[in-house]
Amino acid sequence: MRFCSLFWFCLLVCQAPAATYQPSRLTPPALAREYRGAWVATVANIDWPSSNSISVARQKTELLAILDRAAELKLNMVVFQVRPGCDALYASRIEPWSEYLTGAMGKAPEPFYDPLSYVVREAHARGLELHAWFNPYRARHPSAKQPVSATHISKTHPELVRTYGRHLWLDPGEKAVQAHSLKVVLDVVKRYDVDGVHFDDYFYPYKERDAAGKEIPFPDERSWEKYGKQTKLSRDDWRRHNVDEFIERVYRSVKAEKPWVKFGISPFGIWRPNNPAQIRGLDAYTELYANSRKWINEGWMDYLVPQLYWGIEQQAQSFPVLLDWWTGQNPMKRHVLSGVDSTKVGRTWKPAEIINQIQITRKDPGAAGHVHWNMKSLMRNADFRAALLQDAYPQPAVPPAATWLDRKPPAKPQLKLTGAGPGLKASWKAGDAEKVRFWVLQARRDGQWRTEILDGERTSLALPSHAPEAVALTALDRSGNSSPAAVLEHR
């Protein structure tokens, strides 16, 4: 089978009489639970596609290679950028096709396909969650070179767009901006079977400077006059309130549409300098008006991935110190993941730095996994991949359950094995009407268990082996809850 792990083929032995399997009380190993993710950036063609001039066939080939690599490494989460700058890497009726896909803003792929539909389907087929990554306020990135299309928001609603340095930016203080970006997010949530909605660290923009090096103020005088002054807040507090209001609104709106779709944010890794005391660096609270500690305190997200892109021994931005601080800011017990900068491996770091960061994350009782920046670093560096497989990912894992969304586990599935030897086949069906996101199939041979994550749409699998000692099947729902295992043992 195309997506079967190679371990099935390692179980091949000489043909023998048909095996008989009976229900068993045998307990398979507990599922490893952690997020193992990677960001796939489309802005400036960072991760995919490699160029905005390649064919659709090559786009698909590259995308499958990314997903195959993620599955090979036993990741379980891909964060795929679908909206780099008020454009779309999917078939949108709201915003134009991205030039990063086809070379011209507003131009659809030829022959036509929908990359988001394609990547969702292919990710699920490999046991991977697919999270749609949006930039909520960026309207145009400096890497964009082609003319803006007539359907871009800078043309259809120029009153909402500000020129800031080399960027175009939606003004977060405009009520219509919040409505527009929320409409874009919900359009994807409604029409695609995504597992999550994801924002990164761009809210109000990072500060731009003029030719003389002087900081350029963000040009939101119009919205400040229209909305801000009447609030009696300071301008800085008003800007933070604008972002707070939008984050809460997105979270509640996504849950109203599809409660199981997770909302995650990846803020700059330092909330404020001196938090904790040894930390120095950019103040995202005052520079980006991003009060990310408030968002997780209020439970306006399902997972937080602070970008902890510094080394373990880097005193002023210490990875373990920052991780420990972030996991301590979580009264609602949401999932906190570490964002790790794998692009530095092979340049300034050895693979051991990231391996050790993963192990530190696993030892933190408040942490729920990690996400690699970026996917390209996992595609190019063979030594790094080998180290990850040997030292970090010897076995698959599934994401932790989001129990605040749903605590009810699926019913035990119904499992049967038929055939013999290389013709052995497992088939199954769900134990109740709840949709299964993934199946976890575990097989024991010579006392050793091996695990495979399968798409929830699957109902059977050929097992090209002779009489594994036992086979177990567990259902995972869309919130990550696991059913009791159905276990059949060779008699």
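**Figure 1. A look into the second largest pocket of this predicted model.** The space inside the second largest pocket comes to about 260 Å³. It has 17 lining residues, and those closest to its centre are Trp-133, Asp-200, Asp-201, Tyr-202 and Trp-373. Sorted by character, the lining of the second largest pocket holds 10 nonpolar, 4 polar and 3 charged residues.

**Figure 2. The cis bond between Trp-373 and Asn-374.** Trp-373, one of the residues closest to the centre of the second largest pocket, is joined to Asn-374 by a cis peptide bond with omega of about 5°. Asn-374 sits in the loop that runs between β14 and α12 (375-380). Most peptide bonds are trans.

**Figure 3. Another cis bond, from Asn-275 to Pro-276.** Here omega is near 0° for the peptide bond that links Asn-275 to Pro-276. To find Pro-276, look in the loop between β11 (262-265) and α8 (284-287).

**Figure 4. Helix α10 and what its buried residues pack against.** Helix α10 covers residues 319-327, and its buried residues are Phe-319, Leu-322, Leu-323, Trp-325, Trp-326 and Thr-327. Which elements do the buried residues of α10 pack against? On the helix side there are α9 (292-298) and α11 (351-363), and on the strand side β12 (303-304), β13 (335-341) and β14 (367-373).

**Figure 5. Two lysines with positive phi, Lys-74 and Lys-333.** Most residues other than glycine have a negative phi. Phi of Lys-333 is near 60°, and this lysine lies in the loop between α10 and β13. Is Lys-333 buried or exposed? Its relative accessible area is 62%, so Lys-333 counts as exposed. For Lys-74, phi is near 65°, and the residue belongs to the loop between α1 (56-72) and β3 (77-83). With a relative accessible area of 22%, Lys-74 is partly exposed.

**Figure 6. Arg-444, a buried arginine in strand β17.** Strand β17 spans residues 438-445 and includes Arg-444. Why does Arg-444 count as buried? Its relative accessible area is 18%, and the cut-off for buried is under 20%. Setting aside residues up to four places away in sequence, Arg-444 touches Leu-26, Trp-449, Pro-468, Glu-469, Ala-470 and Glu-489. For a sense of distance, Ile-54 is 390 residues from Arg-444 in sequence and 45 Å from it in space, C-alpha to C-alpha.

**Figure 7. Ser-483, a buried loop residue.** Ser-483 is part of the loop between β20 (470-476) and β21 (486-490). Its relative accessible area is 5%, so Ser-483 is buried. Which residues is Ser-483 in contact with, leaving aside its neighbours within four places in sequence? They are Pro-410, Ala-411, Lys-412 and Pro-413, along with Thr-474 and Ala-475.

**Figure 8. Stepping back to the protein behind the close-ups.** The predicted model has 13 helices and 21 strands. Its C-alpha atoms fill a box of roughly 80 × 55 × 45 Å along the principal axes. The radius of gyration is 24 Å, which agrees with the value near 23 Å for a compact globule of 491 residues. Buried residues account for 58% of the 491. Among contacts with a separation of 6 or more, 74% are between residues 24 or more positions apart. The accessible surface is about 19,700 Å², and 51% of it belongs to carbon and sulfur atoms.

Conventions. Residues are numbered from 1 along each chain as its sequence is written. This is a predicted model: local features need pLDDT of at least 70, side-chain atom pairs count only at pLDDT 80 or more; totals for chains, interfaces and linings use all residues. Side-chain values use heavy atoms; hydrogens and water are left out. On a 1 Å grid over the protein atoms alone, a cavity is a set of points where a 1.4 Å probe fits but cannot get out, and a pocket is an open set with protein on both sides within 12 Å along at least five of seven lines; lining residues have an atom within 4 Å of a point. Grid points are joined across faces, edges and corners, and a volume is the space filled by probe spheres set on the points. Ala, Val, Leu, Ile, Met, Phe, Trp, Tyr, Cys and Pro count as nonpolar, Asp, Glu, Lys and Arg as charged, and the others, Gly among them, as polar. Helices (H or I, at least four residues) and strands (E, at least two) are DSSP runs, numbered from the N terminus. The radius of gyration is taken over C-alpha atoms; the globule rule is 2.2 Å times the number of residues to the power 0.38. Buried means under 20% relative accessible area, exposed over 50%, partly exposed in between (1.4 Å probe, protein chains only). Contact means heavy atoms within 4.5 Å. Accessible areas come from the Shrake-Rupley method with a 1.4 Å probe; for residues, only the protein chains shown count as cover.
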